[in-house]
Every structure is written in structure tokens, then in C-alpha cells.
Amino acid sequence: MPEQATIVDFISASLQGMETSGRSILSPSEQKVSDELAQKLDSELDVMVRELERVASCQQDSGDESGDPIPPFEAFCIGLRSIGDNLLPHLVQTFRSGCDEQGLPHGVFLWLIRARADAFVAYLLQIAQVHGLAFDDTLTKVGKKEQIALANLGAYLRALMQKEIEAL
């Protein structure tokens, strides 16, 4: 079984991708503030991931509007969407309050929250793919319907992330 990526792996990949996006060199005082803000965000993200892992084995059990049961993989994606609905805004709020406490404009260190929110979305998608299969005894791999559910989840979470960040 291949080793699963951790949230730290996702943050590293997200930050590496942002290095090419023109993030500027920071002064020593900006670096200090950046480090403190990153530490606050990382601490909050750690709590969020631990809580998510605690409930990751719980499946969404409600059907759709017609009352028909939702396939287990899709139901799990719906549950993760609900988690994202709550935790992504919470992570952005943690960033906002960290900036406000330091008296900083939110835009200066926007890359910090963008990297962490992006990593969290990637992590939720990995959980959907890995753990979602466990809920359906008939699945051994992600098929077409599951790929569509994953794509819908990813699109929804990325749009939510963008909306929350733009609201800063």
C-alpha cells in the first residue's frame, strides 16, 4: 500500500507552487511577523486535521431530496463538503484575526493563508479518495462516478476557498 501524504506534504507542495507566483523577499521584521502568523495558522490547521481524522470514519447517512439513498462514496464526499463548509472559513478567520492582532493589512501575507487553505482542500480530496472507498464494499478503485464526485467536491471546495480569501 503506498504511503499517504500528510497535511505537511500538502503545505510544502502548495508553498513550492507559490514560490513561482512572484512572492516577494521579506524584510527581517516582515519575516518575523510571517513566521508568527504561519505558526498560528499551522497550529489551527493541525487541530482541524486531527478533528477531521477523528471523524473521517463517519459516513453521511442522509439521502438526497428524493429520499433515495446516496451511494456510500458520494455520501462521504458530501460529508467532507460539509466539513469544508465549516473549517475553511474558520481557517481564513484565524488568518484574519492573526493579521488584525498584528495590525497588518490582510493582503501582505495572503500567500500564507492561500497555501494552507489549498493544502487543506488537497487533504480533504485525499481523504475522500482513500477513505471513501472503505465505505463501499463493492468498490476496489475509484470509478467514473467516484471521479465525478471527487471533481465536484474539489471544485466546490476550491470555489469556497477562493470566496473566503477574496472576502479578506
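From the N terminus on, the elements of this chain run α-α-α-α-α, where helices (H or I, at least four residues) and strands (E, at least two) are DSSP runs, numbered from the N terminus. The model is a predicted one, in which local features need pLDDT of at least 70 and side-chain atom pairs count only at pLDDT 80 or more, while totals for chains, interfaces and linings use all residues. Residues are numbered from 1 along each chain as its sequence is written, and side-chain values use heavy atoms, with hydrogens and water left out.

**Exercise 1. The chain as a whole**

Task: State how many helices and strands the chain has, and what percentage of its residues count as buried.

Solution: Begin with the elements, which are five helices and zero strands. Next take burial (buried means under 20% relative accessible area, exposed over 50%, partly exposed in between, with a 1.4 Å probe and protein chains only): of the 168 residues of the chain, 39% count as buried. Then turn to the surface, where the chain exposes about 9600 Å², of which carbon and sulfur atoms supply 52%; such areas come from the Shrake-Rupley method with a 1.4 Å probe, and for residues only the protein chains shown count as cover. Finally consider contacts, meaning heavy atoms within 4.5 Å: among those between residues at least 6 apart in sequence, 82% join residues at least 24 apart.

**Exercise 2. Helices H3 and H4**

Task: Describe how H3 and H4 pack, giving the angle and the distance between their axes.

Solution: Two packed helices are described by the angle between their axes and the distance between the axes. The axes are lines fitted to C-alpha atoms, for helices over the stretch in contact, and angles run from 0 to 180 degrees between N-to-C directions. Helix H3 covers residues 72-102 and helix H4 residues 110-132, and the two pack at an angle of about 165° with their axes 10 Å apart. Angles under 35 degrees count as roughly parallel, over 145 as roughly antiparallel, 65 to 115 as roughly perpendicular and the rest as oblique; H3 and H4 are therefore roughly antiparallel to each other. The crossing of H3 with H4 is right-handed, a crossing being left-handed if the near helix is turned anticlockwise from the far one by less than a right angle, and right-handed if clockwise. By class, the contact of H3 with H4 has 19 nonpolar, four polar and one charged residues; here Ala, Val, Leu, Ile, Met, Phe, Trp, Tyr, Cys and Pro count as nonpolar, Asp, Glu, Lys and Arg as charged, and the others, Gly among them, as polar.

**Exercise 3. Helix H5 and its two partners**

Task: Decide whether H5 runs roughly parallel or antiparallel to H4, and then do the corresponding step for H3.

Solution: For the first pair, the axes of H4 and helix H5 (residues 144-166) come within 10 Å and cross at roughly 160°, so H4 is roughly antiparallel to H5. The residues making this contact include Val121, Leu124 and Leu125 of H4, and Leu153, Gly154 and Leu157 of H5. Sorted by class, the contact of H4 with H5 has twelve nonpolar, three polar and three charged residues.

For the second pair, H3 and H5 pack at an angle of about 10° with their axes 10 Å apart, so H3 is roughly parallel to H5. Among the residues in this contact are Leu80 and Gly84 of H3, and Leu153 and Leu157 of H5. By class, the contact of H3 with H5 has 14 nonpolar, one polar and four charged residues.

**Exercise 4. Single residues**

Task: For Leu124, find its helix, its burial and its contacts.

Solution: Leu124 is placed in helix H4, and with 0% relative accessibility Leu124 counts as buried. Leaving aside neighbours within four places in sequence, Leu124 is in contact with Leu52, Leu80, Ile83, Gly84 and Leu157.

Task: Say whether Ser34 is buried or exposed, and what Glu53 counts as.

Solution: Ser34 lies in helix H2 (residues 28-55) and is buried, with a relative accessible area of 2%. Glu53 also lies in helix H2, but at 46% relative accessibility Glu53 counts as partly exposed.
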